[in-house]
Every structure is written in structure tokens, then in C-alpha cells.
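Thanks for sharing this one. Here are some notes to read with the structure open beside you.

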Amino acid sequence: MEGLKRKREEEVNNRLHGYGVSDEHVVCLCVIVCVCVQVCDHSAKVARHYNCLQEVGLQARSQSRIVFMRNFNNWLKSVLIGEVLDQVREGGSQQVSVLDLGCGKGGDLLKWRRGGITHLVCADIAAVSVDQCQSRYEEMKKKSHFNEKIFSAEFITADCSKELLSEKIQSSQLFDVCSCQFVFHYSFENEQKAETMLKNACDQLKPGGFFIGTTPDAFELIKRLEATDDLTFGNDVFQVSFPSKGSYPLFGCQYHFSLDQVVNVPEFLVYFPLLEHMAKRYNMRLVMKQRFSEFFEEKVKKDHHRSLMMKMNAMESFPADGGCQNIDSSSEYDHAQEHCGREGVKLPVGTLSRSEWEAASIYLVFVFQKL
Ligand SMILES: C[S@@+](CC[C@H](N)C(=O)[O-])C[C@H]1O[C@@H](n2cnc3c(N)ncnc32)[C@H](O)[C@@H]1O
């Protein structure tokens, strides 16, 4: 922030002196500009937003219109995490240490448990979420079988796009994996924030370690925006709105994403080739980048991923038991209906409603590896 303020002050100074404005005026104007820099920073908004989000119970979650999409996203993260942990073990690491960057309320704790990791550092900007994450972890430990060894964990509240986690983490070891799920797009507000977030993700990785994550695909967002006459697109389940179109800066390209009628805080386009370029500075090589649809098509071919999908209820049965689908509109399931009509298809099939699929298919999944 200090560096940014100073840079802005210099810019304003140079410009104003050029116009013949006195030093006294410049001081006043610099104060205004600095206040603006603070107000325009979205970190506090992000923290407030996530701190206020209520943790809804299992029952409320299961009645949501986007329950299958949420389960699908969780399945996808489970597959990603499981496969990366397998690779870490194949590489010879037996004691696996993980950084969950933007851990939220701890939605991935069970995945880390299933993956048999040794140590987990959870960091998030929202203190309430970090507290809930810690409580969930304590609860999980308490309820575990006496001879199951649960990983040790640390919990840190920090703006990971501004503060260096290396100064806050107590355990001194390097990480095998950094996982950043549905988080990175908040940091693309400006270069400095994106840079700090990336440093936190990659600096403490062991050679051979992985940086994995999920984030909206900028190409997909812009493709859909350019296809409308409007500045907004979406359906009953999600809405994306941009302030303008035609020109898209590399950093600070803001849009709003609301899901299931919850208006989210502003997000920023992550232009992936730029992220890939920035990551090279940390010796990170892109190993895989796939849209959710591509990832799904590849992974669902494997029996164990498919049976996990059933277990996690990550697809809706079509036709549903009792005939009542999750979204009450037959056009939401045209694609499933058509598929069912094909020769040899055994009923019921697994599907997502059209609206949920349109939302889920905005995202991409990535894996970087440290050289
Ligand atoms: C959509 S949630 C995802 C939570 C979790 N990773 C998951 O997959 O369930 C985004 C999370 O990113 C966190 N976040 C956003 N900006 C952040 C920042 N600058 N530093 C740390 N956490 C941040 C939010 O507080 C929120 O918990």
C-alpha cells in the first residue's frame, strides 16, 4: 500500500506541477488520492462479505437450487486434490505438508484427511471463516477414531494478497502442495496484489511441489459477454455483470458474479497466460489447465472417480425418483431427456440442470509444478 501510495503521489505531483498547480494544492490533492486508493481497495469488502456469510446447515444445503452444482464442484476438487497427493507420494514424500490459501470455512478439510496429509496451514482474509475452519478441524479430530492419526494444523487470518505468509507461519517446513480454490480472482485487482498472492502460493513450495486451483476462465467470461447485447449474462441460477465491454485490462478488470441470488463481492478477470507468465518467476511450470467440462469428461471415465461422484451426490438423477427434478422446469433437462432417448442408455442417468451447468462451466482448473 505504501509503495502504491507513493507512486500515485508522484504521478499526481508530476501531472499537477505540469499544469502549474502550487505545492500546497498538491499536498491536499495527494491526501484525496490516497483516501481514494484506500476506499477503492476491495480487500475489506471481501473480508466483510465472507465474514457475514452464514454457515448453512446440511439440510438447508440439500434443499438449495444449486445443491448438485456445489456437490459437483466438491467432487472436482476431491479428484484434483486426490490425484495431486498421489503424485506427491510417487515423488517420494511421505510427510505431506499443505497450504490451503483462501481456505474459507474449511470445506476441504475432509479431502485433506482422506488424502492422509501430515500438516495443513489454513489461511484466509475472513477471520470468522478461519475460526469456523479451526472449529471444524477440532471437531473432526475429536470425533476421529483413536488410532487414526489426523494431520496437525495452523490457522492464519491474513490478507494473502498483501501480507507474506512466510512471516506468520509457525512450522518452518516447505509445502508439498498449495491449494487455492475459487480464490485467485480476488487478487487480480492490481498487479501488486496478484504478485503477493502468487508469492504466497509458490515461494514456500518444495522443488517438485504443486500449486493447484480453480478460478473463472477469462476467455469464457468474455466470450459470453461479447455474445450478448447487454453487459449482463446468466440465468436463474447465476448472473455476471461487467461495467463495460470492448476493452479488458490485464489487472483490475472487474465484474460481479452472483450465484443463487447471493450478490458476491467484485471479482477480477484472471487472464491465464499472464498468470502463467508471472508464475515462471517462481520457477513454476504449468502442468495442466482444463475447463471444468474437459476435466469432468476426462475423469469421469475412471471407475473410482465415478463411484466417488455417486457417493458425493454430484449429479442429479434423471428421471428423478418420484419424478420431481431439483429445478422445476422441463427445459432445464432437455439435454438429459435427449440422452436418455439414445440406444443402450441405462436409466436413470446423472446430470446437472442446464442452469447449473452453465454456471459450473465458467471455471477452469490448473496445476503448476515447481521445477
Ligand atoms: C469462494 S470462497 C472459497 C473458499 C474455499 N477455498 C473453498 O473452496 O471452499 C473464496 C475465499 O477466498 C477468501 N479470500 C478472498 N480474498 C482473499 C485474500 N486476499 N486473502 C485471503 N483469502 C482471501 C475469502 O475470504 C473466501 O473464504
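**Notes on the ligand site and the cysteines**

1. A good place to begin is a side-chain pair: Asp 159 and Ser 161 make a polar contact of 2.6 Å through their side chains. Please keep in mind that this is a predicted model, so the distances below are computed from predicted coordinates.

2. Staying with Asp 159, you will find this residue in the loop that links β3 (152-157) to β4 (175-181). Leaving aside residues up to four places away in sequence, Asp 159 touches Ser 43 and Ile 125. Is Asp 159 buried or exposed? Its relative accessibility is 10%, and because the cut-off for buried is under 20%, Asp 159 counts as buried.

3. Asp 159 also faces the ligand: an N or O atom in the Asp 159 side chain is 2.8 Å from a ligand nitrogen. Two backbone approaches are worth a look as well. A polar backbone atom of Ile 125 is 3.1 Å from a nitrogen atom of the ligand, and a backbone N or O atom of Gln 181 lies 2.8 Å from a ligand nitrogen. On its own the ligand has 590 Å² of accessible area, and the protein covers 88% of that.

4. Gln 181 deserves its own visit. This residue is part of strand β4 and is buried, at 6% relative accessible area. Not counting residues up to four places away in sequence, Gln 181 touches Lys 77, Leu 80, Leu 101, Gly 102, Asp 108, Ile 212, Gly 213 and Thr 214.

5. Which residues are closest to the ligand? Of the 18 that surround it, the closest are Lys 77, Gly 102, Asp 124, Asp 159 and Gln 181. For comparison with the record, UniProt (an unreviewed entry) gives the feature "binding site" at Lys 77, Gly 102, Asp 124, Asp 159, Gln 181 and Tyr 186.

6. Last, the cysteines. How many disulfides does the model have? The count is 0. The sulfur of Cys 122 has its closest cysteine sulfur in Cys 133, 3.9 Å away, which is too far for a bond, because a disulfide needs the two sulfurs within 2.5 Å. Seen from the other side, Cys 133 is in no disulfide, and the sulfur of Cys 122 is the nearest cysteine sulfur to its own. Cys 122 is buried, with 0% relative accessible area, and Cys 133 is buried with a value of 0% too.

Methods
Residues are numbered from 1 along each chain as its sequence is written. This is a predicted model: local features need pLDDT of at least 70, side-chain atom pairs count only at pLDDT 80 or more; totals for chains, interfaces and linings use all residues. Side-chain values use heavy atoms; hydrogens and water are left out. Buried means under 20% relative accessible area, exposed over 50%, partly exposed in between (1.4 Å probe, protein chains only). UniProt positions are given in the numbering used here, feature names are shortened, and annotations may be inferred rather than shown by experiment. Helices (H or I, at least four residues) and strands (E, at least two) are DSSP runs, numbered from the N terminus. Contact means heavy atoms within 4.5 Å. A polar contact is a pair of N or O atoms within 3.5 Å; within protein, one must be able to donate a hydrogen and the other to accept it, and residues adjacent in sequence count only if both atoms are side-chain atoms. A residue is near a molecule or strand if one of its heavy atoms lies within 4 Å of it. Accessible areas come from the Shrake-Rupley method with a 1.4 Å probe; for residues, only the protein chains shown count as cover.
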